[in-house]
Amino acid sequence: VAFRGGAITGMLVVGLALTAPTGDPAMAALGMLAFAVGGMFTARLITLPVRRLVEATRRVGAGDYQTPLSGGGAGDEIGQLTQAFEGMRGNVAQQQIDLRRQAVEDARTGRPNRPRFGHALREAIEARASGGAAAGLAVVVLNLDRFKQVNDVLGYAFGDRVLQAVAGRLRERLANGDVLARLGADEFALLLAHSDPARALRTAQEIAASFDHTLSIDEQTIDL
């Protein structure tokens with residue numbers, strides 16, 4: 001009786017069908033027809049939504065968090081349960097996306113992290129070893145002097161903004177196919193995908209020269 005609309009009607013119709021006089025064929029036929037119609041309403045309002053919920057639960061259990069659950073617009077208890085399940089599925093799906101991104105991306109700068117940089121470097125080396133790429137490659141690694149003082153004096157939140165500004169300045173030195181990563185703390189690395197020793201040296205010199213100009217963040221001047 002907790003369900004509204006057709007579900008209650010179906011339950012009442014069952015009672016009518018059971019109490020119909022057995023000696024009157026017309027009344028018996030009418031009762032059977034009403035019973036069938038009530039059964040269809042019950043299936044539409046309860047059985048099918050519950051079946052969809054069961055199927056969706058199995059998909060989530062199998063690791064499918066992307067397929068949305070349809071048919072959750074009703075305002076009854078089944079509809080509310082469907083909407084709650086769909087909200088949970090969406091939250092879990094977003095959490096999975098965030099976890100996959102965190103596995104390969106530095107949270108402070110949005111750049112590839114150390115594992116992702118190592119993977120890119122291995123791929124580049126293997127491509128050249130197999131003859132798939134003719135150009136050379138180089139790796140430039142650098143760290144920031146006095147960055148600890150920035151954190152100690154101005155706080156970690158401000159230090160994060162300094163890291164973002166540094167990443168932005170380094171990004172200006174990238175060519176097509178290059179990779180810029182934050183390896184951790186104050187350490188960055190650049191994978192120069194199409195490089196020779198001359199370009200690697202020139203890029204390192206340009207990076208050093210670019211930090212002759214101070215960073216300005218919130219009217220604070222940072223010299224790194």
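## Contacts along the chain

Among contacts in the protein chain (heavy atoms within 4.5 Å) between residues at least 6 apart in sequence, 58% join residues at least 24 apart. This is a predicted model, in which local features need pLDDT of at least 70, side-chain atom pairs count only at pLDDT 80 or more, and totals for chains, interfaces and linings use all residues. Residues are numbered from 1 along each chain as its sequence is written, and side-chain values use heavy atoms, with hydrogens and water left out.

How confident was the predictor? Its confidence in each residue is called pLDDT and runs from 0 to 100. The protein chain averages a pLDDT of 80, and 75% of the residues score at least 70. Take care with residues 1–20: pLDDT stays under 50 there, and the model has 24 contacts beyond four places in sequence for this stretch.

## The overall plan

Let's look at the building blocks. The protein chain has seven helices and five strands. Helices (H or I, at least four residues) and strands (E, at least two) are DSSP runs, numbered from the N terminus. Following the sequence, you meet them in the pattern α-α-α-α-β-α-α-β-β-α-β-β.

How much of the chain is buried? Buried residues make up 31% of the 224 residues. Here, buried means under 20% relative accessible area, exposed means over 50%, and partly exposed lies in between, using a 1.4 Å probe and protein chains only. The protein chain exposes about 13,600 Å², and carbon and sulfur atoms supply 58% of that area. Accessible areas come from the Shrake-Rupley method with a 1.4 Å probe; for residues, only the protein chains shown count as cover.

## A sheet of three strands

Three strands form an open sheet in the order E1-E3-E2, with antiparallel pairing. The edge strands are E1 (138–143) and E2 (179–184), each of which pairs on one side only. From one strand to the next, the twist averages 20°. Two strands count as paired if DSSP finds at least two bridges between them. E1 and E3 pair over six bridges, while E2 and E3 (residues 187–192) pair over five.

You can trace some of the partners in the structure. Val139 stands opposite Leu191 in E3, and Leu191 is also the bridge partner of Val179. Arg182 stands opposite Phe188 in E3.

## Two faces, and a helix across the strands

In a regular strand the side chains alternate between the two faces of the sheet. E1 shows this alternation: Ala138, Val140 and Leu142 point to one face and are buried, while Val139, Val141 and Asn143 point to the other and are not. E2 is mostly covered, with five of its six residues buried.

Which helix lies across E1, E2 and E3? It is helix H4 (residues 114–129), running at about 20° to E3. Axes are lines fitted to C-alpha atoms, for helices over the stretch in contact, and angles run from 0 to 180 degrees between N-to-C directions.

## Turns and loops

E2 and E3 form a hairpin with two residues between them. Ala185 sits in the loop joining these strands and has a phi near 50°, a positive value in a residue other than glycine. Is Ala185 buried or exposed? Ala185 counts as exposed because its relative accessible area is 54%.

Arg146 lies in the loop between E1 and helix H5 (147–154). Arg146 also has a positive phi, near 70°. With 40% relative accessibility, Arg146 counts as partly exposed.

## Two buried residues to find

Asp106 is found in the loop between helix H3 (77–104) and H4. Its relative accessible area is 11%, so Asp106 is buried. A polar contact of 2.6 Å joins the side chains of Asp106 and Thr109. A polar contact is a pair of N or O atoms within 3.5 Å; within protein, one must be able to donate a hydrogen and the other to accept it, and residues adjacent in sequence count only if both atoms are side-chain atoms. Leaving aside residues up to four places away in sequence, Asp106 touches Arg111, Pro112, Asn113 and Arg182.

Ser210 lies in helix H7 (residues 197–210). Ser210 counts as buried because its relative accessibility is 9%. Beyond residues up to four places away in sequence, Ser210 touches Arg169 and Arg173. Ser210 and Arg173 are 37 residues apart in sequence and 9.8 Å apart in space, C-alpha to C-alpha.
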